[in-house]
Amino acid sequence: MTQKTTGNSRRAFLKGAALTGVSLAAGKASAATPDPLITEVQPWASGLGDGVDETPYGLPIQFESDVVRRNVEWLTADTISSINFTPIHALDGTITPQGCAFERHHSGAIELKKEDYRLMINGMVDRPLIFTYADLERFPRENHVYFCECAANTGMEWAGAQLNGAQFTHGMIHNMEYTGVPLRTLLEEAGYDTAGKWVYVEGADASSNGRSIPMEKALDDVLVAFKANGEALRKEHGYPVRLVVPGWEGNMWVKWIRRIEVSDAPVESREETSKYTDTLEDGTSRKWTWEMDAKSVVTSPSPQSPIMHGKGPLVITGLAWSGRGAITRVDVSKDGGKTWETARLAKPGEKMALTRFYLDTDWDGEEMMLQSRAMDDTGYVQPTKSQLREVRGLNSIYHNNCIQTWLVRSSGEAENVEVS
Amino acid sequence: MSKFLKVATALALISSPIAAETFGLGRAALPEEIAAWDKDVRPDGTGLPVGSGDVLTGEEVFADQCAVCHGDFAEGVGNWPKLAGGAGTLADDDPLKTVGSYWPYLSTTWDYVNRSMPFGNAQTLEPDEVYAIVAYILYSNDLVDDEFVLSNETFEDVVLPNHDGFIVDDRIETEHSKWIGEPCMENCKEDVKVTMRAMVLDVTPDEGGDDATSAEPEAVEETEVVEEAKGEEIAAEEVVAIDPELVAAGEKVFKKCKACHQVGEGAKNKTGPILNGIVGKAAGSVEGFKYSKALVAKADEGLVWTDETLAEFLAKPKSYIKGTKMSFAGLRKEKDLAAITAYLASLGN
């Protein structure tokens, strides 16, 4: 397999610069000799390309083969109960293509046919029911764009700057347009008991990954989804059916969902007691920390996406999101938080969905300490790492929504750092 | 509205079920079906089946089913979870979170072992085995003595040390109340210094093409396919044909082995050695893997892995090689043994 370089290391960075033929100190571009790409007839301008039968289902062109999910091997004992990361440093807009959207499995990505799929609703209901996949497609359905963020996103950064790349520090997130049936519709179909304050949801895979969700949320906006970005869910995201729990930690978005039980108390399963609980400095731990608080990150420039063009016009861009509502504003600082400028939102923020921001700027070629700071419609302002540490200490693991700093050098290279 | 209707409306508001539009979709779940899937266990023991298991039985079952990842004493192997120890460390710099030190409810342990373990072979344990394993985990954490018997009746007597160690999410009061309002835009700090750098730590994975999709042009791929097809024909003439169905069945059986053994391109030694080309290979010869003394001794005697020796080993690993590190209990079914050897034989080097 061909080795790809993406500018993570200094060597790769310099090689990339050489390949693109760009002088790092360049100001306004000028050409001494005519460009053969223009003056000479190129093969693609003369010969023929692929026919329409070439790729019945297309993948990105070969030149984009470094825009892929990546794993951090030392994080987990093996790759089956593990996680990988979305290449957010290389994407733009807000919708994450399924093929590079992060995966988290507890017992591996299983293959479950639609024909073999069953969904049970039981517990405190009038009519315990079994639905097939075909049954689900007969209920009125809805479309919504939501982000799904693992509670452990940025979890490796609690103790200090660790991983050098937005993909690794912030890539446990994706944002898709889901098609599905509101969970409320299915609960009503079964005739849920109003004394049932919780639903317990579990998956069909070996991990089962059960979670308890308060009935109020279940009736509000939870979706039983079977399509993402217009097509069937991918195997790794729970094909054929997964739960979508808007704004809440990804672990609750149970994949291959097979059972929904209405009950009067939470199960206190492994995933909601021993994991996905946040230990504070005094040793007590918070549980039921479901909402993902407002957060943002500059995706470019960033360690994997250095500035290759020298000083002059520069697009600083990134993503912002909040599990409690819509993003209303993102500020960007170039000096590590001394002064801030308000960035332009590509579109007004939408509830529990990624928002893209841009700061179109003129880079003077000097070192920058790039930060972004999100605000949501509750008025909440994304905190600094030290603000978070003051409340939580260093051992929370989960729900790290601190302001991230990239040190961008005059060469254009960027590094994950912490600042005072 | 008649008096009768008023009463009916009032009742509907108070009691279940919610009267809403229904679609008449789905079918009634049968009691057997609900029993097969509704297995979760609550902190008060709701959902526990009748059964029991003692610490000593648990030690044996644990050694067979769990120790390969969690260690003989539940101390954890490599990066796999530690289940014992860590008492009193939760406020330390690096807390050790185990069943004994962290988990608030015993029901969680029982439920998780019952439904999701062993890794790669979940939902195969009998209730008594689960009781025994959980009893052993309690023993490993010094929470019970070696004569303890865990059953659906003794279950509620056990209260885990960190039972009261949790609070319900209080971020709204402790965080949101502080971090709200118009943020600072200018002169927010006097001075800014870099205090820590990721490059110094150097734990970022190399971004080589490991995960990259193949960038080979289509035409080249086609040529390769043609060549492979030719190769297969030749192979088929030379050796006894491999039964693809048996190989496929073996691949499924291999799921039990996957937690420890890797195969295929890019395979690495994990808890167990790589198994590419294992059939026909001398025992103990995978480079870079540290074998048990027992296996090395067998290898010195000249053991070679053939269909027969592998089947014999995999039927009862601990009888075939006393002292092997492989704590897999063994395959009981003849057809599974035939399938797994066929699958292993189908793997190239």
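The following questions and answers concern the confidence, nonpolar cores and domain contact of a predicted model.

In this predicted model, local features need pLDDT of at least 70 and side-chain atom pairs count only at pLDDT 80 or more, while totals for chains, interfaces and linings use all residues. Residues are numbered from 1 along each chain as its sequence is written, and chains are lettered from A and ligands numbered from 1 in the order in which they are written.

Reader: What pLDDT does chain A average?
Author: pLDDT is the predictor's confidence in each residue, from 0 to 100. It stays under 50 over residues 1-8 of chain A, and is below 50 over residues 21-27. In chain A, 93% of the residues score at least 70, and the average pLDDT is 93.

Reader: Where does the largest nonpolar core lie with respect to domain 1 and domain 2 of chain A?
Author: A nonpolar core is a set of buried Ala, Val, Leu, Ile, Met, Phe, Trp, Tyr and Cys residues joined through C-beta atoms within 7 Å; buried means 20 or more other C-beta atoms within 10 Å of a residue's own, with C-beta atoms placed from the backbone. Among the 108 residues of the largest core, A:Val224 is one of those touching the most other members. Domain 1 (104-284) and domain 2 (295-417), whose bounds come from an automatic or database assignment, both give residues to this core, so it lies between them.

Reader: How many residues of domain 2 of chain A take part in the contact with domain 1 of chain A?
Author: Contact requires C-beta atoms, placed from the backbone, within 7 Å. The centres of the two domains, over C-alpha atoms, are 28 Å apart. Domain 1 of chain A supplies 27 residues to the contact, and domain 2 of chain A supplies 25 residues.

Conventions. Contact = placed C-beta atoms within 7 Å. Buried ≥ 20, exposed ≤ 12 C-beta atoms within 10 Å, placed from the backbone.
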